[in-house]
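Me: I would like to learn how to read a fold and a pocket from a set of coordinates; could we go through one example together, step by step?

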Amino acid sequence: MAKYQKFKDIPDENLLEGGSFSCAGCGGELGLKLALKVLGEDTIVVNASGCMTLLSNWPTSPLKVPFIHSAIENAASTATGIRHALKALNREMNILCYAGDGATYDIGFQSLSGAASRGDDMVYVCYNNSCFGNTGNQWSTATPKFARTTTSPPGSESHGNALSRKDMAKIMGAHGCYSATASTALPLDFMRKVEKARKYKGLGFVDLLVNCPTNWGFEPKEGIDIVMKAVFTGIWPLYEVENGMMTINYDPGPGKFQPVKNFLKGQQRFRHLTKKDIAEIQKDVDKEWELYRGGKYWQTDEY
Amino acid sequence: MTKDLKQKYDFEKGIPIMPANASAKYNKTSSWRLWKPIIDHSKCIKCKTCFAYCPHGAISWINGKPKIDYTFCKGCLICAEVCPVKCIGKEKEGN
């Protein structure tokens, strides 16, 4: 049986202690805490510039493991270098790349793609808050349709972001490595996926949807609920790709998902939506799930 | 703060030594808090849910019980929201 079936299986020791400078209710920090619980003390964390860079500023660090800052575009290359240095030293350690969605989907994609193709052994977790959060909510390719960002503001001519989001976990799955999506609302599911990525020889990629109260616009306490609704409305599909085969982790059946309105209504970034916009998002989600249920996982051009 | 930490700089190797828990020692983020979560231990079923969801490592699990470290708790109240038996209450700060 797989590890981490109940909350009671979570180890007692916290490798991420208090005293960090992230916002109250930050999902990215929650993700790092959970990932470190799986990987343990023998881990090096490589971070691409982003919100989590604020955690560890010399001379203080809330982490009990080594933490390396890299530029926003080369977190995966830095991890590759560390892996080779460890090989030269004859040491076995886990390497966790913890980068935001801007550093994964957009700017750092070339280094990640290279590391995945070479099959460098690391765990890559993308904490995805669907925008460049640290610099003040700019648009990234992870931003969902019609979301408000500072570079895609809604107004008389525009309804926020006009483009659909990129499905990164599928792209990483097409590299032939282990790839999965997860969310902070389901920590055990995320921990099981990190454990799988750790055991996988090669790059294991986990795309983690995190709650971001500052940029999405909600009370910090509602964060877990909102990310849970992203899963329960079908907007954020949970799946794993292993050896090119995709497994859907959560699917209640046709017509049994909650309406997407439940996810959209609690957030300020979707406050400008009209009924027509919501119907369009619902149509896109329904179409996507039709493809999943028909076994056509890779035909992304159809929606 | 930096004075006593500067002595931990390794001048021979040219690398700073970053002590674990340095943040926990110097950055007291409790002043961010508007609401203070309080656990009612008589109702607690020790399910570890709050411990799993606390984003800031402010809840520790000591002797089979949750304990909130109020020096670091930022008052996001996620713990109160996810608790299955709703045994975590809140209190306005500064009273």
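Me: Where should I begin with chain B, and how many helices and strands does chain B have?

Reply: Keep in mind that this is a predicted model. A count of elements comes before their order: chain B holds four helices and six strands, and, read from the N terminus, these follow one another as α-β-β-α-β-α-β-β-α-β.

Me: Which share of the contacts in chain B joins residues at least 24 apart?

Reply: Taking contacts between residues at least 6 apart in sequence, 63% of those in chain B link residues at least 24 apart.

Me: What share of chain B is buried, and what is its accessible surface made of?

Reply: With buried taken as under 20% relative accessible area, 41% of the 95 residues in chain B are buried. The accessible surface of chain B is about 5,400 Å², and carbon and sulfur atoms account for 54% of that area.

Me: How does one find a pocket, and how much space lies in the largest pocket?

Reply: The general idea is that a probe the size of a water molecule, rolled over the atoms, reveals where empty space remains. In this model the largest pocket contains about 460 Å³ of space.

Me: Which residues and elements line the largest pocket?

Reply: Its lining consists of 23 residues, and those nearest the centre are A:P144, A:S164, A:R165, A:I235 and A:E288. The elements giving two or more residues to this lining are α9 (261–264) and α10 (275–293) of chain A, with α10(A) contributing the most, namely four residues.

Me: What is the chemical character of the lining of the largest pocket?

Reply: Sorted by residue class, the lining comprises 13 nonpolar, four polar and six charged residues.

Methods
Residues numbered from 1 in each chain as written. Chains lettered and ligands numbered in written order. Predicted model: local features only at pLDDT ≥ 70, side-chain atom pairs only at ≥ 80, totals over all residues. Heavy atoms only, no water. Buried < 20%, exposed > 50% of the residue type's maximum accessible area, 1.4 Å probe, protein only. Contact = heavy atoms within 4.5 Å. Areas by Shrake-Rupley, 256 points an atom, 1.4 Å probe, with all protein chains shown as cover. 1 Å grid on protein atoms, 1.4 Å probe; cavity = no way out; pocket = protein on both sides within 12 Å on 5 of 7 lines; lining within 4 Å. Points joined across faces, edges and corners; volume = space filled by probe spheres on them. Nonpolar A, V, L, I, M, F, W, Y, C, P; charged D, E, K, R; others polar.
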